[in-house]
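I opened a fresh page for this one and went through it step by step. Here are my notes, in the order in which I looked things up.

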Amino acid sequence: MAEIGTLADAVGELIADGDVVALEGFTHLIPTAAGHEIIRQGRRDLTLVRMTPDIVYDQLIGAGCARKLVFSWGGNPGVGSLHRFRDAVQNSWPVPLEIEEHSHAGMANRYVAGASGLPFAVLRGYVGTDLPSVTATIKPITCPFTGEELTAVPALNPDVTVIHAQRADRDGNVQLWGLLGVQKEAVLAARRSLVTVEEVVDELTPVPGAIVLPSWAVTKVAEVPGGAHPSYAQGYSERDNAYYAAWDPISRDREEFANWLREVREEVPA
Amino acid sequence: MTYTSDEMMAVAAARALSGRQRVFVGIGLPSTAANLARRTHAPDLVLVYESGTLGSKPDRLPASIGDGILAETADAVISVPEVFNYWLQPGRIDVGFLGAAQLDRFGNINTTVIGGDYHHPKVRLPGAGGAPEIAASCREVYVVVRQTSRSFVERVDFVTSFGHGTGKGDRERLGLRGAGPTLVITDLGVFRPDPDTSELVLTDLHEGVALDDVRAATGWDVKVAPELGRTPPPTAEELSALRALKEASK
């Protein structure tokens, strides 16, 4: 059964230095508040996993929480580059960042394999590209039935997956809808999981297209209204496009970023 | 009506789409063009976004691949594994509509690193996203890209998405099912692969662009089709639809 508690307690209990951590969300329902709590608690040497590392990963990388990033697209969506990410890759600032780079199809299938209890996934992917030459976790495989050459990628099984959802009931069953990304697979692939929600309600009334993660498949739930900002939670909030644009100059400049970091570290946790 | 070269590019790219084509749409220039096509001559286009939407019908340009309007106006909203495994991989999509940071003579696309080596790049770009498999599995691929001698190069620094490799026959040898890039639209003109060599050849110049402009903005000795076409300038209807889409997204 998922335990309902505070964000600070959940992050403190679930995430340790050196863990493999996935904060998933495909531009919708991004668990930004949880990322800020990881920064506040000063976690180090994390292997961060995410298909689309955007602002919150730029922040975690700039804060020096990560030693490695496993990803398929790292940018500020609709704006441009992630400058803390670039500074880490190009200049090892504030600490060196190892990267393990995939395509979306590869990352999605790695989570599916992880959720399915399989060691690897098979896809038609990466063929002809330079990615297999720089990423050790992309290998050719021969179909045992047809002899066809395909591509294998290993399962992703994070120590902890963190996602944001619209709501949970008091038993810790989690309901989410709208763009679902790869969150269900990322939670089921992980050893432990944390779901921040907009609200905890008495009853999860049906919503078109919604999925439910049963309480027994989730480790902890924390109520964090607005916890996806500047991303959004369909039915609760709108994407703050201006914030994405405003992040660019902060991210470009180490000093501006340091000021931002000081403010986040001083915030009282949700 | 006066117009910019970016507007000409968006209009030329929109005109390339038609009917009920199923289009896998990259964000940015491709999304602008695909939405313009749907708002003008091709209302029945099926727009597929990698965030997991089939048949999105936004009335403004989405701010990102995960803009809520893509889900709210879609025929179906699905997970990301599903969009790649069930819809893209088996060949259900007609056109992959992609952008590029760097594009080469054989239509290979780089969105990963520029300069230096992979581990010490001069510029670290966002990376692959969905593009490698879009370029592999769609029936054909259209690329829309602003053209400079730095973006249009003899050979990309990194092959993020495979075009025609080093020439004719490479895709077949690798077992890729789609035809790869069949059309490249820039702010200066239109390129298509030569049927014999798969090298990109200039087939059309946009109105007001000189051949020398294209040569200056191409990083290889560009070949020109024997019968060079002229892209008609944007119509008033196209321009006002494009500007309305952009205005609505502000």
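**Entry 1: where the chains meet.** I began with the contact between the chains, keeping in mind that this is a predicted model. I found 38 residues of chain B in contact with 44 residues of chain A. Next I asked which elements of chain B give two or more residues to the side that touches chain A. My list reads helix H3 (68-72), helix H4 (80-88), strand S9 (120-124) and helix H5 (131-137), each in chain B. H5(B) gives the most, with four residues. Sorting that side of chain B by class, I got 19 nonpolar, 15 polar and four charged residues.

**Entry 2: chain B as a whole.** I noted eight helices and 15 strands in chain B. Its radius of gyration is 17 Å, close to the 18 Å that the globule rule gives for 250 residues, so chain B is as compact as a globular protein of that length. Along the principal axes, its C-alpha atoms fill a box of roughly 45 × 45 × 35 Å. Of the 250 residues in chain B, 56% are buried. I also looked at contacts between residues at least 6 apart in sequence: in chain B, 67% of them join residues at least 24 apart.

**Entry 3: chain A as a whole.** I repeated the steps for chain A, which has nine helices and 13 strands. Here the radius of gyration is 18 Å, close to the 18 Å from the globule rule for 270 residues, so chain A too is as compact as a globular protein of its length. The C-alpha trace of chain A spans about 55 × 45 × 30 Å along its principal axes. Buried residues account for 54% of the 270 in chain A. Among contacts in chain A between residues at least 6 apart in sequence, 75% join residues at least 24 apart.

**Entry 4: the core.** Which residues have the most contacts inside the largest nonpolar core? I wrote down Leu60(A), Val23(B) and Val143(B), in a core of 157 residues. A reminder to myself: in soluble globular proteins, nonpolar side chains tend to be buried together. I then followed Val23(B) outwards. Leaving aside residues up to four places away in sequence, Val23(B) touches Leu17(B), Ala34(B), Leu45(B), Val46(B), Leu47(B), Val48(B), Asp94(B), Val95(B) and Phe97(B).

**Entry 5: around strand S5(B).** Two of those neighbours, Val95(B) and Phe97(B), took me to strand S5 (residues 95-98) of chain B, where they lie on one side and are buried. Gly96(B) and Leu98(B), on the other side, are buried as well, and both faces of S5(B) are covered. Strand S1 (residues 22-25) of chain B pairs with S5(B) in the parallel sense over three bridges, and Val23(B) has Val95(B) as its bridge partner there. S5(B) also pairs with strand S10 (residues 140-144) of chain B, in the parallel sense over four bridges. In that pairing, I matched Phe97(B) with its bridge partner Tyr142(B).

**Entry 6: a sheet of three strands.** My last stop was an open sheet in chain B, with strand order S7-S6-S11 and mixed pairing. Strand S7 (109-110) and strand S11 (152-153) of chain B are the edge strands, each pairing on one side only. I checked the sense of one pairing: strand S6 (residues 102-104) of chain B and S11(B) are parallel, over two bridges. Asp104(B) stands opposite Val153(B) in S11(B).

Notes
Residues are numbered from 1 along each chain as its sequence is written. Chains are lettered from A and ligands numbered from 1 in the order in which they are written. This is a predicted model: local features need pLDDT of at least 70, side-chain atom pairs count only at pLDDT 80 or more; totals for chains, interfaces and linings use all residues. A nonpolar core is a set of buried Ala, Val, Leu, Ile, Met, Phe, Trp, Tyr and Cys residues joined through C-beta atoms within 7 Å. A residue is buried if 20 or more other C-beta atoms lie within 10 Å of its own, exposed if 12 or fewer, and partly exposed in between; C-beta atoms are placed from the backbone. Two residues are in contact if their C-beta atoms, placed from the backbone, lie within 7 Å. Two strands pair if DSSP finds at least two bridges between them. Ala, Val, Leu, Ile, Met, Phe, Trp, Tyr, Cys and Pro count as nonpolar, Asp, Glu, Lys and Arg as charged, and the others, Gly among them, as polar. The radius of gyration is taken over C-alpha atoms; the globule rule is 2.2 Å times the number of residues to the power 0.38.
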